[in-house]
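The following exercises concern a ligand site and a chain interface. Please inspect the sequence and the model before working through the solutions.

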2 protein chains.
Amino acid sequence: FEEFQELTASEFFRKNKQMLGFSGKIRSLTIVFHELITNSFDAAEEAGMLPEIKIDLKRLDKDHYILRHTDNGPGIPENFVTKVFCTMFAGSKFRNIQSRGQQGLGCSGCVLLSQMTTGKPAKIISGYKEKGELKGVQMTLKMDVKKNQGLVLDKKVVEVKHTGVCLELHFKDVSYSLSEQGAFEYIRRTMIANPHAKIVFRDPTGHKYIFKRASDVIPPLPKEVLPHPRGVTADDLIFMAKHTDKRRFRSLLTSSLSRMSTKRVNEIQKLTGIDLNKRPKDMKWEEAEQIVDLFAKMDFMAPPTSGLIPIGEAQIEKGIVGILNPEFVSAISRKPVTYRGGVAFIIEAGIAYGGDSGRMVGDQRKAEIMRFANRVPLTFDQGSCAITEGLKSIDWKRYGIRDMESAPITIFVNIVSTQVPYLSTGKQSVAPEPEILHEVRQTAMTVARKLQKYLRAKKAEKEEAMR
Amino acid sequence: FEEFQELTASEFFRKNKQMLGFSGKIRSLTIVFHELITNSFDAAEEAGMLPEIKIDLKRLDKDHYILRHTDNGPGIPENFVTKVFCTMFAGSKFRNIQSRGQQGLGCSGCVLLSQMTTGKPAKIISGYKEKGELKGVQMTLKMDVKKNQGLVLDKKVVEVKHTGVCLELHFKDVSYSLSEQGAFEYIRRTMIANPHAKIVFRDPTGHKYIFKRASDVIPPLPKEVLPHPRGVTADDLIFMAKHTDKRRFRSLLTSSLSRMSTKRVNEIQKLTGIDLNKRPKDMKWEEAEQIVDLFAKMDFMAPPTSGLIPIGEAQIEKGIVGILNPEFVSAISRKPVTYRGGVAFIIEAGIAYGGDSGRMVGDQRKAEIMRFANRVPLTFDQGSCAITEGLKSIDWKRYGIRDMESAPITIFVNIVSTQVPYLSTGKQSVAPEPEILHEVRQTAMTVARKLQKYLRAKKAEKEEAMR
Ligand SMILES: Nc1ncnc2c1ncn2[C@@H]1O[C@H](COP(=O)(O)OP(=O)(O)OP(=O)(O)O)[C@@H](O)[C@H]1O
Ligand SMILES: Nc1ncnc2c1ncn2[C@@H]1O[C@H](COP(=O)(O)OP(=O)(O)OP(=O)(O)O)[C@@H](O)[C@H]1O
Ligand SMILES: [Mg+2]
Ligand SMILES: [Mg+2]
């Protein structure tokens, strides 16, 4: 036990950067783009704005780049900058609201990778409003990996024209690629699910790509979705009770769970005999278990539909048509359901056939899966993802697709949730929770049926024409 | 930013217990067995003892168990007990020595799962030696999830006959299963790679299984394996320099890197012109890069072979024969090489044909992969593992195996390293580092060639017999 140590989160991830997704040169750079783009999209949307990002990737040498990333979000107040960029498990996305970020790791991971590969500090310019007044600050930061904190090497007031974050990071041992795993394809897929965003990207050759907005409609702001009584656990109730400022357990119930009215609470008190007026801290585990068991038997309305914001069937079809030009497309956005812990989620999907659907492998077009979570493309770890597992588990032959290995089909799936159960901190695959697998299967069968109907009609038409 | 929070590691993992491997009822219980067994094996081996574990799984109700796990290791000193069981990222395995544990999460994760599913505290009896004297303490603990610390609910001195840890945990929402994913199969596979261990397991029906020792030879103790100059990064040198107590950079080099002699250091000083006598803190990034670039051009001996302890070819073959009774078996243990960061690793593998080799799927025997890391069975996440990727990437047809889907073959692969690059904190799959993939492929081809030779000889014999 002389060697017994406690590591900080940053120390742990420095030893295990592959767990942040930084494994391989191409993937590492794509993950950097992913973390910075998702942060900027979240920030702009929370401020009620259409996201606009400018990315400049300059190549200094082989596998050596400078990345400049600028957004039009509300910026970051000066006193939060070091926590945002140099502290792991620090963020504003730990609540019950749908957002792309949810771990407090993303941009700190990028700063860590930059520092580990080049030794250079991160440069940040943040334009933000303080009491209505526009302020600008430029900071040069390094991460103190042992302490999970930031070190400010330089700080000065600067003039900014509008709010937003401008970040400059140097990277070595990463590689820009036009392949499926590369940053360019990542941007392309991001645009399918985020037609309301604009990205201007200057690649290492100097070529400027403008990914225009396909829609001027700001998506509605997601609302807080409280845990649903169906699935919330005794541990959740006890944990909430331990850390609440509510005086009575009954007010904790009505304020922390969805579909929990005073009438319901009285019903629960009557049926369990537990005094729900007592202080939250006095609630015992056995009583919490009784309450949760009773929840399972009661009839609650499904989770509210207003909190989660799916892409929507019309927009999915539009996005798919825009890039694949298929002969057939059909989308479906399911109702919200919950998985373990009473966490609400929605599965939506689109299927495209023909045109540029599917992926060329050699000279064959094979079925392609495009996975998304909260509108974010999931590029890697496809083999271990619940979306893949759910889609592969249905018998496509029954729907007229004899061989998925040679079918010009693209299946687009998006999971929307306040808490996506990722399999690792790399956030590229979803855990196979039974309820999620079930929903993916149901969704897959629905779109498969629609495709089957189209293919039959097409075949009938063909046979008709031949007579 | 009013919602900006910093989470502790325990808070994060409570929200994301699937990242500890606790996803699904069967898998969750198997992972608990895995974490406790690996800790006991590490502890006994470090103390130079043959590991002996007693596991008692009592079923209280459907999906409701009490687990009692007792080992014969050196125990845990009283003042370390709460850190061991209630603090995440706390452990003694963060050094450059091969061990099964390496993250400081395992048993804290089990305590967290127990608490989250039952609300019950963990009970620990620890027998340990303090200044040669045998001491015993019994403690009842809960994890303070917000603070990543332990709360001692009860503590008392007890009599113990010998050193070791006895742990009692309650679990709900877990399931004991005899399937491939279950705890029993996990124990069985553990015994293949750890023939020097003994496990007595009383299952929920009360049936007592004795997994006897197949060998009385204590494996040699792994030694510290310093990072190898080939692959160590500039960041590694700067990080070491920042946290060393050495007075000169040259002594940091000779003491922290393998194969680094004074002669070498003088050579490096001469070729780079950098004064290596200066204080480590005065080393600049650009200079570290120069040194690392020079390392890449110099001729270093391969990593020392004594530090890593593979299972060994004889033992792999013995273990395979013991459970599969095959008609052919062949094993190979490769030389140490390094992956990114200069971390040494060894790939060893065995191939078995016929007998009970392969896995029954329906009425077919298909090829089966058994993956191990530092002698620990990897049961889950097979699809995303580098071992799987490496094995599947060779063309088995070239070696006479026409169809892996219907071949009575079992391939056993073990990776040995001071730091296994797992893909997630669930530690069930290895990251596809290029050097690891390469070694797995080379190993696969070697055993495939041996199998091919056997099958040809078998076929020739058959044809001979038919004349
Ligand atoms: N461009 C930005 N504009 C405004 N705020 C930002 C920006 N980037 C990051 N932040 C803030 O910094 C926090 C930390 O970001 P980080 O990417 O580390 O974690 P996250 O986005 O919360 O979760 P995840 O690890 O899943 O990405 C965010 O929650 C947000 O509050
Ligand atoms: N049965 C045991 N006997 C003695 N020491 C133990 C035992 N179990 C755990 N420990 C000590 O507690 C530490 C923490 O154990 P824990 O399982 O949390 O992490 P780890 O084994 O170091 O890494 P990992 O998360 O990869 O398992 C170990 O490093 C070891 O020092
Ligand atoms: Mg983020
Ligand atoms: Mg452990």
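Three exercises with worked solutions follow, all based on a predicted model.

**Exercise 1.** Determine where ligand 1 lies and which residues are closest to ligand 1.

Solution.
Step 1. Locate the ligand: ligand 1 is situated between chains A and B.
Step 2. Collect the shell: 23 residues surround ligand 1, and the closest are D71(A), S92(A), Q102(A), L105(A) and K427(A).
Step 3. Sort the shell by class: nine residues are nonpolar, 10 are polar and four are charged.
Step 4. Assign secondary structure: in chain A, α2 (25-46), β4 (90-91) and α4 (106-118) each contribute at least two residues to the shell. The greatest contribution comes from α2(A), with four residues.

**Exercise 2.** Identify which N or O atoms of D71(A), K93(A) and Q102(A) pair with ligand 1, and state how much of the ligand's accessible area the protein covers.

Solution.
Step 1. Apply the cut-off: a polar contact requires a pair of N or O atoms within 3.5 Å.
Step 2. Examine the side chains. An N or O atom in the side chain of D71(A) is 2.8 Å from a nitrogen atom of ligand 1. For K93(A), a side-chain N or O atom is 3.3 Å from an oxygen atom of the ligand.
Step 3. Examine the backbone: Q102(A) places a backbone N or O atom 2.8 Å from an oxygen atom of ligand 1.
Step 4. Evaluate the cover: on its own, ligand 1 has 590 Å² of accessible area, of which the protein covers 97%.

**Exercise 3.** Describe the interface of chain A and chain B by buried area, residue count and polar pairs.

Solution.
Step 1. Count the residues: chain A brings 59 residues to the contact, and chain B brings 59 residues.
Step 2. State the area: about 5400 Å² is buried between chain A and chain B, with 58% of it on carbon and sulfur atoms. Of the area that chain A buries against chain B, 13% is supplied by F1(A), F4(A) and F89(A), more than by any other three residues.
Step 3. Count the polar pairs: 24 residue pairs are in polar contact across the interface, both partners being at pLDDT 80 or more.
Step 4. Count the salt bridges: there are 10 between chain A and chain B. One of them joins the side chains of K172(A) and E289(B), at 2.7 Å from N to O.
Step 5. Characterise the side of chain A that touches chain B: 22 residues are nonpolar, 18 polar and 19 charged. Elements giving two or more residues to this side include α1 (9-15), α3 (81-86) and α9 (285-297) of chain A.

Methods:
Residues are numbered from 1 along each chain as its sequence is written. Chains are lettered from A and ligands numbered from 1 in the order in which they are written. This is a predicted model: local features need pLDDT of at least 70, side-chain atom pairs count only at pLDDT 80 or more; totals for chains, interfaces and linings use all residues. Side-chain values use heavy atoms; hydrogens and water are left out. A residue is near a molecule or strand if one of its heavy atoms lies within 4 Å of it. A polar contact is a pair of N or O atoms within 3.5 Å; within protein, one must be able to donate a hydrogen and the other to accept it, and residues adjacent in sequence count only if both atoms are side-chain atoms. Accessible areas come from the Shrake-Rupley method with a 1.4 Å probe; for residues, only the protein chains shown count as cover. Ala, Val, Leu, Ile, Met, Phe, Trp, Tyr, Cys and Pro count as nonpolar, Asp, Glu, Lys and Arg as charged, and the others, Gly among them, as polar. Contact means heavy atoms within 4.5 Å. Buried area is the accessible area (1.4 Å probe) that two parts lose on being put together, summed over both. A salt bridge is a side-chain nitrogen of Lys or Arg within 4 Å of a carboxyl oxygen of Asp or Glu.
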